[in-house]
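Visitor: Please take me through one part of this model closely, namely the way strands and aromatic rings are put together, and give the cut-offs behind each term as you go.

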Amino acid sequence: MRSFVMLVLLGLCTSVRADWPSFHGPGGLGRGEGRLPATWSHTEAMLWKVKLPGTGSSSPVIAGGKLFLTSWTGTPQKVERHVLCADAGTGALLWDKTVESVLPEQERIREDHGYASATPVATAAHVFVFFGKSGVFCFDHSGKQVWHTSVGAGIDGWGSAASLTLGKDALLVNACIESGALVALDPKTGKEKWRAEGVKECWHAPVVAQEPKGDTVIMAMSGGVHAFDAATGAPRWSCKSGIGWYMCPLPAVHEGVVYAVGGRSGVGGLAVKLGGEGDVTATHRLWTLPQGTNVPSPVVHDGHLYFVHDVKGEFHCVNLKTGEFAFSEPIQPRLDGAYASPVLVDGKIIVIGRGGRCAVLQAAPVFKVLASPVLENGRGVFNATPAVHASRLYVRSNQFLYCIGEK
């Protein structure tokens, strides 16, 4: 047991920054290292592609040279979940472990997102995956299951898609759908450490931020942004957002401020200064946005917040200090919407459209499309956020995993 603890701590404290261990990369900020080709296609700058066993909307994560992903096969009456491990360099499948699903599953999930939507989180020794009411699982890098635990049995028409977050000493689970709670698990055993009730209409991974009183867990929900003590789950502060419905995009924390965008009704986004207590709306809310986005998470770069609209395909740039839009421009050629979150690499922002039409944009407060790559002839199903590792871009569709880089 002692060796397991040391390996978990090693993965948390000394992981290579180039790793992409969780949804939207290190810290959830969508920032990758290295350089990528200016453009790509099925034949251009394609290092390899592999056929996936099953479909899914979860995003790839990378740790210790291994790539982890989930998928599902079967039918709603007999769902089989897969935890996949591949060599990040070659794409060779190292193992494929199936886990038992708690049945019956819901007959249909809207927009066919499927039953494998939550992105795993990985350390140097373990990978943690979440399958809704079927529970949370821990595997080691050899594919051995270490533990499994349930966080609730609730279901929703959109399925279960809240990705996991690994804090300093807890695995954080947004079990909004399953039990209406934020749940902290012991990463060594899977046992529950604490539970914060009242989490509703929130679809993103928990966000860990540093505050003067210690780490806090940020959750953006319908109507407001809420902070919980990372050690106990006790409420710390809340800020009204003016966003009247659910929240999907992962909030970004940068230099003591949390930036959250939404998009269904009312306000489109807001900035909140960290470090308050109780209701901080009047004292810590810095600005709000008139428009946002419903699904993709934002990227922070060089004093600006960038995000793409999930339906319209518009690209937005906001000044972090003022909350004013530097631009709001439609991406052409049209992307046909975007669910994948943009990623930043080498001063460029990459957006993957839902059908496979993509855009490479300059990360600057002047709108410019640098390239318009296309995968699967623009007729595929791309809902997962790409990963960046060692100057390579990993893109997942419902059929394939692609590795893009200089040959």
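Guide: Two strands pair if DSSP finds at least two bridges between them, strands (E, at least two residues) being DSSP runs numbered from the N terminus. This is a predicted model, in which local features need pLDDT of at least 70 and side-chain atom pairs count only at pLDDT 80 or more, while totals for chains, interfaces and linings use all residues. Residues are numbered from 1 along each chain as its sequence is written, and side-chain values use heavy atoms, with hydrogens and water left out.

In this model, five strands make up an open sheet in the order E15-E16-E17-E18-E22, and their pairing is mixed. At its edges lie strand E15 (207-211) and strand E22 (278-279), each of which pairs on one side only. Strand E18 (residues 235-240) runs parallel to E22 and is joined to it by two bridges, with Ser 238 standing opposite Asp 279 of E22.

Elsewhere, strand E9 (residues 136-140) and E10 run antiparallel and are joined by four bridges. The two form a hairpin with four residues between them, and Gly 143 in the turn has a positive phi of about 95°. Across this hairpin, Cys 138 stands opposite Trp 147 in E10.

Trp 147 leads on to the rings, where Phe, Tyr and Trp (its six-membered ring) pair if their centres lie within 6.5 Å, with planes under 30 degrees apart counted as stacked, over 60 as edge-to-face and the rest as tilted. By this rule there are 14 aromatic pairs. One of them joins Trp 48 and Tyr 394, and because the centres are 6.0 Å apart with the planes at 55°, the pair is tilted. Trp 48 belongs to strand E2 (residues 46-51) and Tyr 394 to strand E33 (residues 392-396), so this pair ties together parts that are 346 residues apart in sequence. Trp 48 and Tyr 394 are both buried (under 20% relative accessible area, with a 1.4 Å probe and protein chains only). Phe 128 and Trp 147 also form a tilted pair, at 6.0 Å centre to centre and 40° between the planes. Here Phe 128 in strand E8 (residues 126-130) and Trp 147 in strand E10 (residues 145-149) are 19 residues apart, and their pair links distant parts of the chain. Both Phe 128 and Trp 147 are buried. Ring pairs further link Tyr 306, Phe 315, Phe 327 and Phe 367 into a cluster.

Key: Buried < 20%, exposed > 50% of the residue type's maximum accessible area, 1.4 Å probe, protein only.
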